[in-house]
There are 2 protein chains.
Amino acid sequence: MSAYEELITSVKETSLLRSTMAVLGWDQRTKMPPGGVEQRSNQLALLARLTHERATDPHVGELLAHCESDTALTSDAHSDSAANLREIRRGYDRATKLPSDHVEENARTHAIAEHHWEEARAKSDFTLYEPWLEKNIDLARKTAEFYGWESDEEPWDALAEGFEPGMRARQIESVFTPLRDRLQALVSDLGSASRKPSTQVRDVRLPIDTQMAFVTKIAEGIGFDFSRGRIDTTVHPFCSGTHPGDVRITTRFSESMFFDALTATMHETGHGIYEQGLPVEHNGTPLGRAVSLGIHESQSRMWENFVGRSLPFWRWCRPLVEADLGISQLSAEEIYEGMNVVEPDFIRVEADEATYNLHIMVRFELERALMNGDLAAADVPHEWNRRYKEYLGVDVPNDAVGCLQDVHWSGGAFGYFPTYTLGNLYAAQIFEKIREDITDIDGQFERGEFGPLKTWLNENLHVHGSRYVPSELCERLTGKPLSADALLRHLERKLRPLYGL
Amino acid sequence: MSAYEELITSVKETSLLRSTMAVLGWDQRTKMPPGGVEQRSNQLALLARLTHERATDPHVGELLAHCESDTALTSDAHSDSAANLREIRRGYDRATKLPSDHVEENARTHAIAEHHWEEARAKSDFTLYEPWLEKNIDLARKTAEFYGWESDEEPWDALAEGFEPGMRARQIESVFTPLRDRLQALVSDLGSASRKPSTQVRDVRLPIDTQMAFVTKIAEGIGFDFSRGRIDTTVHPFCSGTHPGDVRITTRFSESMFFDALTATMHETGHGIYEQGLPVEHNGTPLGRAVSLGIHESQSRMWENFVGRSLPFWRWCRPLVEADLGISQLSAEEIYEGMNVVEPDFIRVEADEATYNLHIMVRFELERALMNGDLAAADVPHEWNRRYKEYLGVDVPNDAVGCLQDVHWSGGAFGYFPTYTLGNLYAAQIFEKIREDITDIDGQFERGEFGPLKTWLNENLHVHGSRYVPSELCERLTGKPLSADALLRHLERKLRPLYGL
């Protein structure tokens, strides 16, 4: 076996072990009884330690160094071997900076913290969660210290690098600040417009079983393969994919929020279609892995917003809604309008396309301050509510729908939130290119033909796994570096007419 | 840390790793999409190898030897330390006889074989499964060779020792042969009796959702704690328990077989109540583990047959059946009669209490011959059908309801089946003792009070884990060694009156 083959074998085995943690994590959030929490946290801690030991085995470092000195493997920067070596190196260098006991403590604490977060959220009692948030903050700051940062960087950057390679807080800030200005101006214009879109969709009430059957049908209809995946309910929807043959999406329901359940499901379906589209022959190596969370989010946003909130989609879907759900009083146009109402509110995952990004900015600012030591866990509710008032103009009524609404920090994921807005920016820019390539895309949506869009994404994006870094992939797909222009164009063109502007 | 503490820490960690395999196994049989089969078999193979490496670590052998030489740990044979050391030694000696690559090959092959068994069963096409059965037989015979056997033993014994310590094929045969004679005589008498019990229960048709809700209510009503467990559907019902806080039972439904679903559920609930009753402080060590499959089966059989097929139970349950299911045309007596009809048939898990043991004898004889090399995989359908004709007098119509009906051999579990009949024997003998201790047990069942029975089992049996070997435990609980007398008394007393004899 060559050094490269030995390295790939080792990387695949570590990845296989890591994939068992994903199954246990999915189970914990969808199926596990409450009494299982202690054993599950011990299981995950043990697997985290074993995975970390393998990922940081000095022999892996030796094999890597040996391969990197072999120009036949590295001369073409985008060859299978060069791309794999680049990403394995990045992961190895990061992993070796974290001591095993720290990794294990992280895994154990996050499992318990998530349990307390669920309870605190159910009871809307932040004090039940506060000590666990504090532990998670301390652990994350320690993690950042282990990774380290440059003199022009900050602790948050060290963490964000794990979600979106190359992303830095200062860069985010420089994009977010003007984006916030233009979004607030747009939201303000819409708020004072005389025409208001129909909100009749909000009167719909449907049994949850009926909703589940329908969203499953739509997920399948837009391209999710249920022979290689499944759908379940959970508190905070997510997609768990470790192999193109077993991709699991989750969603949540409320009788009075059918259209939210549908967009949440289409969102996770977008993630799922990406995971199912990754090259199976490279599974367990970087070439078989999604490139970044921002790019991943571009896929979920595209199916949620550019498909699921479009008028052509509703022209196709509305007869199904009437046949399956008995909703005949709403036209396609009325549903389309209702799903695009812009209304500042306090729940991120239910936010409209425009204000959504303001929710992200709140979280970005808070976690940046938490990581810099400028904000304590106990002050999170107050600072959260203050920013919601300032950016979105809303009063948060309680912590369950305020700072307890998201799972991320309870799992230690600081530096993650901005990837949602990056996803919106990528999605808009990529979709502009797709419109050039597939000129009849609106007609296709109206006829329920989603195969061409899925195929475009499969062939131009999914197939590459992590062969290109996110910025390269963006330029390769769209011919331009990422900017906020396409997203703002999309929002202006869609929303102003709905409000008669 | 003392050598004993170090040993227990190591054993607990290995057990924790093994428990992750149980979660993956449960997932595979209840939730995993078909596309996940290849990755799952790789995951299980890797975890099997890692678990085996830990279980056979020479350092464990050194610690064991060190502890065994310390009389403070071993002088009282039933102390925590002595019982743990005895069982850890038994497991270590068996595990070290199997090479790692054989263990891994077993795990991978069984995962794939089970998939092919499911397909073969769905299509009733034995040829799809035959090559995989053959592989499993070869692997099991190799396993037996690695374990080895004495000159007065045979390959089957080496495998059965893993399920029921101390059980040997010759002993089984010496109990089964007279049991078969008396059961065949009983069944023959009942078959020629002039009175026939009511079979009106067979006319019941119920939607599966309704059945699921009802059996869940009954499982909870007899003592299963759903905050520490859950229930799902699967092809072949099983109970998966690795910690008293997370115990998962499974069942299956057909619209026309509600009463079978109920008894299948009560059966698995019996297993589940045992697992939930094990001492949590000893989890991960022999003291926190069920003692044998035969004793485990005694618990499922007790709740299935001595509770669920009793008249007092139905006097309590029948008003619920009327209120929840709308079945008002059947009296408690008619349901009781219908659930105790003795009728030779070809499906083991649907068999009545009397003929059930004849199903086991068929399997025992075949697997003994397979392990001795006296029977080939290809001849299993013919030999299966021939024995069903001879022992039960029935013609098996196809392999789906014949030799493909059970999952066991597809998972490599040869030597397992007789534990079902041992379970019936243990259950009858233990229940006779319980009747002495709880004199009002029939009255309690009629009032829906199952707590006293559960508490008796918790305090006299479950709490001991593997502190005593099965034969010791039986004598301790009932004052006598195991015999067939109690089961035959139970069946004669219950069944003859139903047939007017």
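**Notebook: strand pairing and aromatic contacts**

I began in chain B, where B:His243 stands opposite B:Asp246 in β3(B). The model is predicted, so I checked the confidence values before going on. The predictor assigns the complex an ipTM of 0.89 and a pTM of 0.90. For chain A, I noted a mean pLDDT of 95, with 100% of its residues at 70 or more.

**Sheet in chain B**

I then followed the strands around B:His243. β2(B) pairs with strand β3 (residues 246-251) of chain B in the antiparallel sense, over four bridges. The sheet is open and has three strands in the order β1-β3-β2 (chain B), with mixed pairing. I looked up which strands stand at the edges. They are β1 (229-233) and β2 (239-243) of chain B; each has a single partner strand, so one side of each lacks a neighbour in the sheet. From one strand to the next, the twist averages 15°. I also looked for what packs on the sheet: helix α11 (residues 258-277) of chain B touches β1, β2 and β3 of chain B. The direction of this helix makes about 165° with that of β3(B).

**Aromatic pairs**

Next I searched the whole structure for aromatic pairs and got 42 over all chains. One of them joins A:Trp316 and A:Phe450, edge-to-face, at 5.1 Å centre to centre and 70° between the planes. I placed A:Trp316 in helix α13 (residues 311-325) of chain A, and A:Phe450 in the loop between α18 (441-446) and α19 (451-460) of chain A. The two are 134 residues apart, and the pair links distant parts of the chain. Buried or exposed, I asked of A:Trp316 and A:Phe450? Both are buried.

In chain B I looked at B:Trp156 and B:Phe364. Their ring centres are 5.1 Å apart and their planes stand at 75°, so I entered the pair as edge-to-face. B:Trp156 belongs to helix α8 (residues 155-160) and B:Phe364 to helix α15 (residues 356-372), both of chain B, so the pair ties together parts 208 residues apart in sequence. I found B:Trp156 buried, and B:Phe364 as well.

I also recorded one aromatic cluster in chain A; its members include A:Phe163, A:Tyr356, A:Trp384 and A:Tyr420.

**Charges over rings**

Last, I looked up charged side chains over rings in chain B. The charged end of B:Arg301 sits over the ring of B:Tyr356, 3.9 Å from the ring centre. B:Lys135 lies over the face of B:Trp132, at 5.1 Å from the centre of that ring.

Conventions:
Residues are numbered from 1 along each chain as its sequence is written. Chains are lettered from A and ligands numbered from 1 in the order in which they are written. This is a predicted model: local features need pLDDT of at least 70, side-chain atom pairs count only at pLDDT 80 or more; totals for chains, interfaces and linings use all residues. Side-chain values use heavy atoms; hydrogens and water are left out. Rings of Phe, Tyr and Trp (its six-membered ring) pair if their centres lie within 6.5 Å; planes under 30 degrees apart count as stacked, over 60 as edge-to-face and the rest as tilted. Buried means under 20% relative accessible area, exposed over 50%, partly exposed in between (1.4 Å probe, protein chains only). A charge sits over a ring if NZ of Lys or CZ of Arg is within 6 Å of the ring centre and within 35 degrees of the ring normal. pLDDT is the predictor's confidence in each residue, from 0 to 100. Two strands pair if DSSP finds at least two bridges between them. Axes are lines fitted to C-alpha atoms, for helices over the stretch in contact, and angles run from 0 to 180 degrees between N-to-C directions. Contact means heavy atoms within 4.5 Å.
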